[in-house]
Amino acid sequence: MKSSQMSDALIHQYIINDPLHQLFDAVDAISVQGYDEKRRVIYWNVGSELLYGYSKKEALGKKLEELIIPEPMCDLVVAAHSDWINQGIEIPASEVTLRHKNGHEVNVFSSHVMFTNQYNRQQMYCIDIDLTDVRYAQNQVILKENMLEAVFEAIPDLFFLMKEDGTIVDYHAGNKNNLFISPEQFIGKLMGDILPSEVAKKFRIHIEKALQTEEFSSFEYELTLPHGAAYFEARIRHLPEHNQVITIVRDITEQHKSAEIIRQQAYFDTLTSLPNRFLALDRLSQMLNEAQRKNDKTAVLFLDLDDFKKVNDSLGHEVGDKLLIESAHRLNKVVRQEDTVGRLGGDEFIVLLRSIADDHNALVIAENLLTTFRKPFEIDGRELILTLSIGIAISPENGRCASDLLRNADTAMYQAKALGRNAYSFFTKEMNITMIRRFEIEEQMRSAIEHDEFDVYYQPQFDANNERIIGAEALLRWHNPMLGHITPNEFIPIAENTGLIVPIGRYVIMQALKFLNRWQNIDQRKYTMAINLSPRQFRDVDLLSFIKKFLTQENISAKSLELEITEGVLMTGQSYIEDVLTEIHRLGIKLSMDDFGTGYSSLSYLRQYDFNVLKIDRSFINGITLNKADYDLVKATIAMAHSLGLTVVAEGVEKREQMKLLKELMCDHVQGFYFSKPLPTEELIEFSAHYK
Ligand code: C2E
Ligand code: MG
Ligand code: MG
């Protein structure tokens, strides 16, 4: 009431310029306040009400420092005001932080003027512009800057700011070492000035692309740096408002390496680093396509290391691995740049010859491959000899697609093995027939036991001296409804390969021992039974317990059983074979060396293992009446065997004259068509009943 009256009077007294107040009243974006000499409010526009929260009514008559000056500034403001009034020292315009009615800070840009009115009174006008939005915007800019700085620092990427023509104007790098060259060397320059031309060209193309779109244009490039090859990804974006381009460069060397490792694992053999089966066959398909267009020939060489399993088993996998690595190395040296050497797995390799003029080229390379293996391998200070068997298939004659060629080369490789290894063989149509036959036999054999297709025949053996029956050899027979009669020479190697020899072999043992029991009982004589064992059967850990079980069950003494093995069994040199042989001897079962003379006929085997019987191969018996060499050999063998305490059996005796000579040479036992062919059980029983 009173104060308002007083303020009205005050206002009246201090009014300087009505039109000016009218103007100030019209603007609410700016705060205009008027103060008398005692800093009492004489004018307060709407802008002031909005900015400071005091209504005009509240403000009028109040002192400046009571309203909007924060406490700590009050003395300063009062002093400055009085200096202006008394000494004419102007208060300069400045940014200040004042106070809202509710206590909040209010940032303003404050300008001041001093008037002297018609009553000769001095009055100060303050014009305050709200800086809240400006400050906010400024803060936001600072925040963004700080944030960017932090981002730049935190991530290893490099940021380059460029003009639209590619001139580098600025950069950011969290770690300056990532720049590889100093900023002075690139600021103001084009990428082309500092990067190899290939890479610079990519930059140019992609800057150009970025200028056309509103998206990132990205690409990868490789640089050779002092520490090796490095890979980068660059992403370029146009900043059209600034006529600039930002380029973000990321070092992707590590990703590149991992991707490379994955690629390596998917396509390359980890041990030898050669293309694996997948990649090799893919390359073969490509070669075949190319060859078809050009009317060229392509050769596929299927390589298999001979007896590699033996190396692995006897010298260990580490030596085996080293041999494979060295083999890969040698193979690679033989072929031309445009050819491929791959590893199919295990000890199998493949060589692909691109665009060969004729088969002779493949032959020359195959010979070179064999030759390169002639030099012994040196592994861990040890010299090892390793040979190869190679099968060759040539497109288009032997197949037009990768899988046909591979299969046919594989077939030819089998042939090379059959030729005695360390050899090569070209695929022929006949081989295909052999292979088909092999597959058929294999397939039929799988169910042959189940279908009761096997039969065991017995070929009697005789004392050479008195020609009395002393026993028999069990020989397997197979009649299949589809394939007819198949000879053991054909099916035993297949059974051996597939492992089917294990159950088949057990079947023979069981049948033979059952029959021996029956035969001994009928004739009341202690006959012997010879049973052939294949190498694969030695890996059957239950073989001996199986034999023991049937010996007991059929009441047969161990010394009536003779197990025949060939040198092939011993050549593998594996320790488990030795264990089985020792156990055979320990049980009192006789051990017989079959087909003596056909293999290496190494005397050392006869000494090393406890053999009881030596069987001279049929081929020598056949020759004793025909040539002196065979006669001498048989004579020497018998003498040698006797000196080692072995019983000698002559196989394949067909003629009287042979029998006569063998008697003279003191051969112990004989078997052969001269006496009898292998017979089925009933016929043998009949034969032995009449023979006595
Ligand atoms: P082997 O153990 O050397 O058997 C002797 C082979 O010579 C038998 O052939 C037999 O029929 C044949 N033979 C015997 N006397 C004469 C003769 O006077 N003249 C001629 N020309 N041949 C004669 P077979 O039965 O065809 O067996 C061939 C080979 O198959 C056997 O040679 C043996 O290595 C193997 N084999 C046969 N049965 C089995 C078996 O049950 N298990 C295993 N692992 N191999 C077997
Ligand atoms: Mg035999
Ligand atoms: Mg034999």
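A residue is called buried under 20% relative accessible area, exposed over 50%, and partly exposed in between, with a 1.4 Å probe and protein chains only. By that definition Asn-243, at 49% relative accessibility, counts as partly exposed.

The model is predicted, so local features need pLDDT of at least 70 and side-chain atom pairs count only at pLDDT 80 or more, whereas totals for chains, interfaces and linings use all residues. Residues are numbered from 1 along each chain as its sequence is written, chains are lettered from A and ligands numbered from 1 in the order in which they are written, and side-chain values use heavy atoms, with hydrogens and water left out.

**Surroundings of ligand 1**

Ligand 1 is surrounded by 24 residues, a residue being near a molecule if one of its heavy atoms lies within 4 Å of it. The closest are Gln-459, Arg-477, Asp-594, Glu-654 and Phe-673. By class, nine residues of this shell are nonpolar, seven polar and eight charged; Ala, Val, Leu, Ile, Met, Phe, Trp, Tyr, Cys and Pro count as nonpolar, Asp, Glu, Lys and Arg as charged, and the others, Gly among them, as polar.

At least two shell residues come from each of β19 (469–480), α17 (488–498) and β23 (590–596). The largest contribution is that of β19, with four residues. Helices (H or I, at least four residues) and strands (E, at least two) are DSSP runs numbered from the N terminus.

Polar contacts, pairs of N or O atoms within 3.5 Å, are listed below.

| Ligand 1 atom | Protein partner | Distance |
|---|---|---|
| Nitrogen | Leu-476, polar backbone atom | 3.1 Å |
| Oxygen | Asn-532, side-chain N or O atom | 2.9 Å |
| Oxygen | Asp-594, side-chain N or O atom | 2.9 Å |

Of the 790 Å² of accessible area that ligand 1 has on its own, the protein covers 85%. Accessible areas come from the Shrake-Rupley method with a 1.4 Å probe; for residues, only the protein chains shown count as cover.

**Backbone features in loops**

Asn-243 has a phi near 55°, a positive value in a residue other than glycine, and lies in the loop between β9 (228–239) and β10 (244–251). Arg-421 also has a positive phi, near 65°, and is likewise not glycine. The loop that holds Arg-421 runs between α15 and β17 (423–426), and Arg-421 is partly exposed, with a relative accessible area of 33%.

The peptide bond from Ser-395 to Pro-396 is cis, with omega near 5°. Pro-396 is placed in the loop between β16 (388–395) and α15 (402–418).

Notes:
A polar contact is a pair of N or O atoms within 3.5 Å; within protein, one must be able to donate a hydrogen and the other to accept it, and residues adjacent in sequence count only if both atoms are side-chain atoms.
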